[in-house]
Amino acid sequence: MNRISVLGRYFRNDRIKEYEEILKSATEHGYIVTSLEKYMGIMSQADIKVLVLRHDVDHRSGGTRLMFEAEKKYGVHASYYFRKSTLDYSLMQDINHYGSEASFHFETIAEYAILHGIESKKDLPDSWQKDCLGALKSDLQYLRSMYRLPIRTIASHGAAENNKIGISNNVLTEDTSTYNELGILVEAYNSDMIDTFEKYVSDTVIECNDGYRYGESPLQLIKQDVKRICFLSHPNHWHYNKFKQIKKLVKSLIYPPTYNVEKFKRIKT
């Protein structure tokens, strides 16, 4: 992709059409397009084609509602994971009532590090895992009560504090015996569950790798008839308000597109 193409896409601000094309292609090719929660119920079935849609709502964006409306248009379902800073009661209720999943994007270890002034892994007290697990359990109880949501799967968020101390938030759920205590079916980075997918796809900004972090788009994989795909997207990459659209246009005028394909990393310890 050249700079003119990137500028054109940001000028049109229409990446939701690209998302609709993915949904349309998946349904036409016979995929079950579903949430992580629903996938857990059919995961053991051998001869099915599945596209699991996972949205990490890292930032408030009109793209979240637009992606949800696109999914309703095609009769498919998805999982939406909201951080504390992006919780949206009305939207989360709409998602839940439709039959998709509105759940929690937790960053418990990062919050613990901020609260206690932790600068590196060696500063963590012996009780940190127990303390953090208790905090996560309390957060889930609060969300279930106040937001009236089942919250059956959760997904960890990677914050700057996690990079600083070198520990991912999903370390808390690596011992799956915690699932019963937390009342969940799975955490989105569970290794056994991840291994059931043939391909794991993640989006990024348009100017990097044509918009896909690991160099492959779900549309390509669908056309290749890959049987099990997990597609992680961030709605703020798919639609911009006017201010952010202008910022992206200016940035794209200054900097050329980049190609830096990363490898998927499930956990950091």
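T153 is a good place to start in this predicted model. With 0% relative accessibility, T153 counts as buried, because the cut-off for that label is under 20%. The residue belongs to strand β5, which covers residues 153-156. Its side chain makes a polar contact of 2.5 Å with the side chain of Y81. Leaving out residues up to four places away in sequence, T153 touches L36, E37, Y81, E101, S103 and V186.

Let us move on to the nonpolar cores. The largest one holds 73 residues, and L51, L53, F82, W128 and F231 have the most contacts inside it. Helix α7, spanning residues 128-147, gives the most to this core, with seven residues. L53 shows what such a residue meets: beyond its neighbours within four places in sequence, L53 is in contact with Y19, L23, V33, T34, S35, E71, V76, H77, A78, S79 and F231. Another core lies apart from the largest one and has eight residues, including V6, V205, I206 and C208.

Two helices are worth a closer look. Helix α1 runs over residues 3-12, and its buried residues are V6, L7, G8, R9 and Y10. Among the elements that cover them are α2 (15-28) and α12 (242-254). At the N-terminal end of α1, N2 acts as a cap, with a side-chain oxygen 3.2 Å from the backbone nitrogen of I4. Helix α5 takes in residues 89-98, of which L91, M92, Q93 and I95 are buried. These buried residues of α5 pack against α4 (62-74), β3 (79-82), β4 (101-106) and α7.

Which residues follow these two helices with a positive phi? After α1 comes N13, and just after α5 comes G99. Positive phi values also turn up in loops. I151, in the loop between α7 and β5, is a residue other than glycine with a positive phi. N209 has a positive phi too, although it is not a glycine, and is found in the loop between β7 and α11 (218-223). Both loop residues are shielded: I151 counts as buried because its relative accessibility is 2%, and N209 counts as buried because its relative accessibility is 6%.

The backbone angles are listed here.

| Residue | Phi |
|---|---|
| N13 | near 55° |
| G99 | about 110° |
| I151 | near 50° |
| N209 | about 55° |

Finally, the pockets. The largest pocket has a volume of about 660 Å³. It is lined by 28 residues, and the closest to its centre are G158, S168, Y189, R213 and K265. Strands β2 (50-57) and β7 (199-202) and helix α8 (160-165) are the elements that give two or more residues to this lining. Which element gives the most to the lining of the largest pocket? That is α8, with three residues. Sorted by class, the lining has eight nonpolar, 11 polar and nine charged residues.

The second largest pocket contains about 280 Å³ of space. D58, H59, V205, H234, N236, H237, Y240, K244, K247, K248 and K251 form its lining. By class, these divide into two nonpolar, four polar and five charged residues. V205 ties two parts of this picture together: V205 lines the second largest pocket and is also one of the residues of the eight-residue core.

Methods: Residues are numbered from 1 along each chain as its sequence is written. This is a predicted model: local features need pLDDT of at least 70, side-chain atom pairs count only at pLDDT 80 or more; totals for chains, interfaces and linings use all residues. Side-chain values use heavy atoms; hydrogens and water are left out. Helices (H or I, at least four residues) and strands (E, at least two) are DSSP runs, numbered from the N terminus. Buried means under 20% relative accessible area, exposed over 50%, partly exposed in between (1.4 Å probe, protein chains only). A polar contact is a pair of N or O atoms within 3.5 Å; within protein, one must be able to donate a hydrogen and the other to accept it, and residues adjacent in sequence count only if both atoms are side-chain atoms. Contact means heavy atoms within 4.5 Å. A nonpolar core is a set of buried Ala, Val, Leu, Ile, Met, Phe, Trp, Tyr and Cys residues joined through side-chain atoms within 4.5 Å. On a 1 Å grid over the protein atoms alone, a cavity is a set of points where a 1.4 Å probe fits but cannot get out, and a pocket is an open set with protein on both sides within 12 Å along at least five of seven lines; lining residues have an atom within 4 Å of a point. Grid points are joined across faces, edges and corners, and a volume is the space filled by probe spheres set on the points. Ala, Val, Leu, Ile, Met, Phe, Trp, Tyr, Cys and Pro count as nonpolar, Asp, Glu, Lys and Arg as charged, and the others, Gly among them, as polar.
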